[in-house]
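Student: Please take me through the salt bridges in this model. I would like a close look at the pairs and where they sit.

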Amino acid sequence: MASDKPNWDGLLKWSIANSDGTRSARQLSEEDRRWFMEAMESQTVDVIKRMKEITLVMQTPQQVLEAQGVTSADIEDMLDELQEHVETIDMANDLHSIGGLVPLLGFLKNPDAGIRAKAADVVTTIVQNNPKSQQLVMEANGLEPLLSNFTSDPDVKVRTKALGAISSLIRHNKPGITAFRLANGYAALKDALGSENVRFQRKALNLIQYLLDENVSDCKVVTELGFPRVMMHLAASENGEVREAALRGLLELAQEKGLESSSSAEDDEKLKQILEDRIKGISSMNAEDLSAAREERQLVDSLWTARYNEPSFLRERGLVVIPGEDAPPPDVASKLFEPRLRALAANPAPNSGTNAEKRETPLLLGPGPSTTPDRSHGGSDRDHTVGTQNPQS
């Protein structure tokens, strides 16, 4: 009996035997041609059709899905597939047109933490560098559940994913930034910096950096909220990425004189001690580690110069720019929030977005049509099918 997948080994052998370049192409028999086309078509899917099927599942009440044996893992797999479909801007915008955006936002309130986290992941992909979808999410009040999850969800992964979605939603989105500020977003960011989760800390620091770059007057806000002292603590973190992000934030405040206005003599001495410790640590690095710490070296030097108006010991020792490096400092702006396929959207290939590799989908609400060619054989890596109307970082 034929299985659910084509016999790819047989197809490969057939292709090699008939296109090895040693003989002229022969005319395919009608049977071979039909089998080949069925094998190819069974592995493609109409993206809009699949997104409509996913939308139907997202609109289905939870109790109905549970009654049909649909698990939380199935829904996460469904959202994972949806995320791949919306990686291009056109498909991301089409999700709203087919009625899928609102139920997706509803999943942000799902009782299952994994589903809440994955839904935020999909939202992140949809709104990244996409002003139209940013506006659609704002109009659908999507910021509200994201803020709720970011500030108060008991699961740190959900909080982290929600913060990532917020960062993408308000990036280059003035109404979004305003709404975030009015919702006491800076206080929530300060709370995130106090987390023990380095990924959560790093995302919060990167968003702070972006917001300060966008509006330098916010330096006064974060200074009054006590951010400098928290950032000083993180500048001594054992995690290199957290440490660099904290140094970037402190440098931004120092350049805007925010540190001068907020620092007590005790805080100023603490900052100097932290920088001296980093200078000592950097000075003892071998050549390989020095190269890897390029950005941190330059941040430490820039912060020391901005705060104390004198060259750092790193500069005196020739460790800011070491032999073989270009003199200009690296771009320290956060290059975040770029989905994997969004960069391809500017130059789409012909028929881009109409077909995609078919993945066996877990959530279907009725008997599924067989896509198996008569001559196909083989197994499936993923087998979650439960019906026919179907729906990570």
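Tutor: Here are the salt bridges, followed by two loop residues. The model is predicted. The count comes to 15 salt bridges.

Start within one helix. Glu53 and Arg50 join through their side chains, with 2.0 Å from N to O. Helix H3 (residues 47-59) holds both, 3 residues apart, about one turn of the helix. Glu53 is buried, and so is Arg50.

Next comes a pair that links distant parts of the chain. Asp153 forms a salt bridge with Arg116, and their closest N and O atoms are 2.8 Å apart. Asp153 sits in the loop between H10 and helix H11 (156-170), while Arg116 belongs to helix H8 (residues 113-127), 37 residues apart. Both Asp153 and Arg116 are buried.

Then take Asp191 and Arg159, whose side chains meet in a salt bridge at 3.0 Å, N to O. Asp191 is in helix H13 and Arg159 in helix H11, so this pair ties together parts 32 residues apart in sequence. Asp191 counts as partly exposed because its relative accessibility is 45%. Arg159, at 14% relative accessibility, counts as buried. Asp80, Lys118, Asp121 and Lys161 form one network through salt bridges that share partners.

Now the loops. Most residues other than glycine have a negative phi. Asn141 has a positive phi, near 60°. Asn141 lies between helix H9 (131-139) and helix H10 (143-152). Asn141 counts as exposed, at 52% relative accessibility. Asn184 also has a positive phi, near 65°. Its loop runs between helix H12 (174-182) and helix H13 (185-193). Asn184 counts as exposed because its relative accessibility is 51%, and the cut-off is over 50%.

Conventions
Residues are numbered from 1 along each chain as its sequence is written. This is a predicted model: local features need pLDDT of at least 70, side-chain atom pairs count only at pLDDT 80 or more; totals for chains, interfaces and linings use all residues. Side-chain values use heavy atoms; hydrogens and water are left out. Helices (H or I, at least four residues) and strands (E, at least two) are DSSP runs, numbered from the N terminus. Buried means under 20% relative accessible area, exposed over 50%, partly exposed in between (1.4 Å probe, protein chains only). A salt bridge is a side-chain nitrogen of Lys or Arg within 4 Å of a carboxyl oxygen of Asp or Glu.
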